[in-house]
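Please open the model in a viewer and keep the sequence panel at hand. The tour below proceeds by selection, with a note on what each selection shows.

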Amino acid sequence: MRILKSFFFLTILSILLLSSVYLVAREYFLYEGVRQFRQAVFDLERSKIGGQFADHCFERSAGTIDGEIVEYYIRFTSDTDYVLEAYCSEFAFDPQQIDQGELSAFVSKLPGSSGILFGEEPSYVQLAVFEQEIQEIETMTGWDLGVLHRSRTIGVSEYRLQEFTVVPDYTLGPATSCTGFGYKCCDRDTQLGEGELLVEGTDCDGGCYMGCVDRPTIVAVTPNPFFEPDNREILVRSGNFVDFAYVARGGGNPLSEVSIDYGDGSSDSLSDETGVFSHAYQCQAESCRYTATITAQDSAGNDSAMTLVSRIDVVVE
């Protein structure tokens, strides 16, 4: 009994010791990360006060600019990397890089903001410590470790650098890539977006989302008779059969069904990842054209994208 009590006491003591070490390390790394980033903001502010770009912009615009001649900002390109830039108000498409930097160890920017833009309106970023490491543990274990998360909000409001104790309802920021906002750029053909769609992330054909999930995919379709490689057309006589051998795969969820629309009002479905559809095409006219399309669906109801692989034209004579 005494041994069990001693073991229990040592276990509790070890947990408390490790918790204390973690809390101290968390505060230290977050303090260093915020201090370093504040210095980057100060450096950008000094560039603004120095006016090194103002004369250049004034000359470039031939003295026609009213109001702010130069816009200064810190733009994130990922959750840890950022650049200090400035651009002439009339030439936003041509920014000039002042410097670049990276957040200190174990510190990252939380998703949702793109950086800091000097102005009257609130513009801020939320810096967190051990965020990636905690998320990996949560993913592997399924635990909710919300008590371990820690962040601080730093930004500019009314042209003054400050730390926000209460996070404003909105933030302004420079235009940047999807990854600069901390979101993910989904592939149009192989992924579906999850969560909020960020319209500001304009570098993504498939959309900029909080997360991406793999969608089911039609990997290959091999018809018999084979199609013409140049135009993917099959030529058959009326009443003859066409076989469509397919290969499909599930995405983030198991594959549940593969269906085909023969294009003439008929359809069919199978539940296997590989299979063959067979159909006899009829044509009462001199020539008929149909488009056969194959679609895969997973257990969550997500459909595969309509691609060149999943479409075949059938010409019946």
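A disulfide is taken here as a pair of cysteine sulfur atoms within 2.5 Å. By this rule the structure, which is a predicted model, holds four disulfides. Three of them are visited on this tour, together with sheets, cores and aromatic rings.

**Stop 1: Cys178 and Cys208**

Select Cys178 and Cys208, which are joined by a disulfide with an S to S distance of 2.0 Å. The torsion about their S-S bond is about 90 degrees, so this disulfide is right-handed. Cys178 belongs to helix α4 (residues 178-181) and Cys208 to strand β11, so the link ties together parts that are 30 residues apart in sequence. Cys178 has 1% relative accessibility and counts as buried; Cys208, with a relative accessible area of 1%, is buried as well.

**Stop 2: the sheet around β11**

Next, display β9, β10 and β11 as a cartoon. These three strands form an open sheet in the order β9-β11-β10, with antiparallel pairing. The edge strands, each pairing on one side only, are β9 (184-185) and β10 (191-197). Between β9 and β11 (residues 208-214) there are two bridges in the antiparallel sense. To inspect this pairing, select Lys184, which stands opposite Tyr209 in β11.

Remain at β9 and add Cys185 and Cys204 to the selection. A disulfide joins these two residues, at 2.0 Å from S to S. Cys185 is in strand β9 and Cys204 is in the loop between β10 and β11, so the pair ties together parts that are 19 residues apart in sequence. Is each partner buried or partly exposed? Cys185, at 38% relative accessibility, counts as partly exposed, whereas Cys204, at 10%, counts as buried.

**Stop 3: the β7-β8 hairpin**

Move to strands β7 (residues 151-157) and β8 (residues 160-164), which run antiparallel and are joined by five bridges. Select Gly155 to find its bridge partner in β8, Gln162. The hairpin has two residues between the strands, and Glu158 takes a positive phi near 55 degrees there.

**Stop 4: the nonpolar cores**

In soluble globular proteins, nonpolar side chains tend to be buried together. Here, select Phe37, Val41, Ile74, Tyr82 and Leu127: within the largest nonpolar core, of 30 residues, these touch the most other members. At least two residues of this core come from each of α1 (2-50), β1 (70-76), β2 (81-88), β6 (123-129) and β7. The element that gives the most is α1, with six residues.

Which residues surround Leu127 once its neighbours within four places in sequence are left aside? Its contacts include Leu30, Gly33, Val34 and Phe37, as well as Leu103, Val107, Arg150 and Ile154.

A second, separate core has 24 residues, among them Ile218, Ala248, Cys283 and Ile294. From Cys283, extend the selection to Cys288, to which a disulfide joins it, with an S to S distance of 2.1 Å. This link is right-handed, with 75 degrees about the S-S bond, and both Cys283 and Cys288 are buried.

**Stop 5: aromatic pairs**

A pair of aromatic rings is described by the distance of the centres and the angle of the planes. The structure holds 15 such pairs. Select Phe106 and Phe130: their ring centres are 5.2 Å apart and their planes lie at 55 degrees, so the pair is tilted. Phe106 is in the loop between β3 (96-102) and β4 (107-109), and Phe130 is in the loop between β6 and α3 (131-141), 24 residues apart. Phe106 counts as partly exposed at 41% relative accessibility, while Phe130 counts as buried at 11%. Extend the selection to Tyr22, Tyr28 and Phe29, which ring pairs link with Phe106 and Phe130 into a cluster.

Then select Phe244 and Tyr262. With ring centres 6.2 Å apart and planes at 45 degrees, this pair is tilted. Phe244 lies in strand β14 (residues 241-249) and Tyr262 in the loop between β15 (255-261) and β16 (267-270), 18 residues apart. Both residues are buried.

**Stop 6: charges over rings**

To finish, select Lys109 with Phe76. The charged end of Lys109 sits over the ring of Phe76, 5.5 Å from its centre. Arg232 and Phe227 form the final selection, with the charged end of Arg232 over the ring of Phe227, 4.5 Å from its centre.

Technical notes
Residues are numbered from 1 along each chain as its sequence is written. This is a predicted model: local features need pLDDT of at least 70, side-chain atom pairs count only at pLDDT 80 or more; totals for chains, interfaces and linings use all residues. Side-chain values use heavy atoms; hydrogens and water are left out. Two strands pair if DSSP finds at least two bridges between them. Helices (H or I, at least four residues) and strands (E, at least two) are DSSP runs, numbered from the N terminus. A nonpolar core is a set of buried Ala, Val, Leu, Ile, Met, Phe, Trp, Tyr and Cys residues joined through side-chain atoms within 4.5 Å. Buried means under 20% relative accessible area, exposed over 50%, partly exposed in between (1.4 Å probe, protein chains only). Contact means heavy atoms within 4.5 Å. Rings of Phe, Tyr and Trp (its six-membered ring) pair if their centres lie within 6.5 Å; planes under 30 degrees apart count as stacked, over 60 as edge-to-face and the rest as tilted. A charge sits over a ring if NZ of Lys or CZ of Arg is within 6 Å of the ring centre and within 35 degrees of the ring normal.
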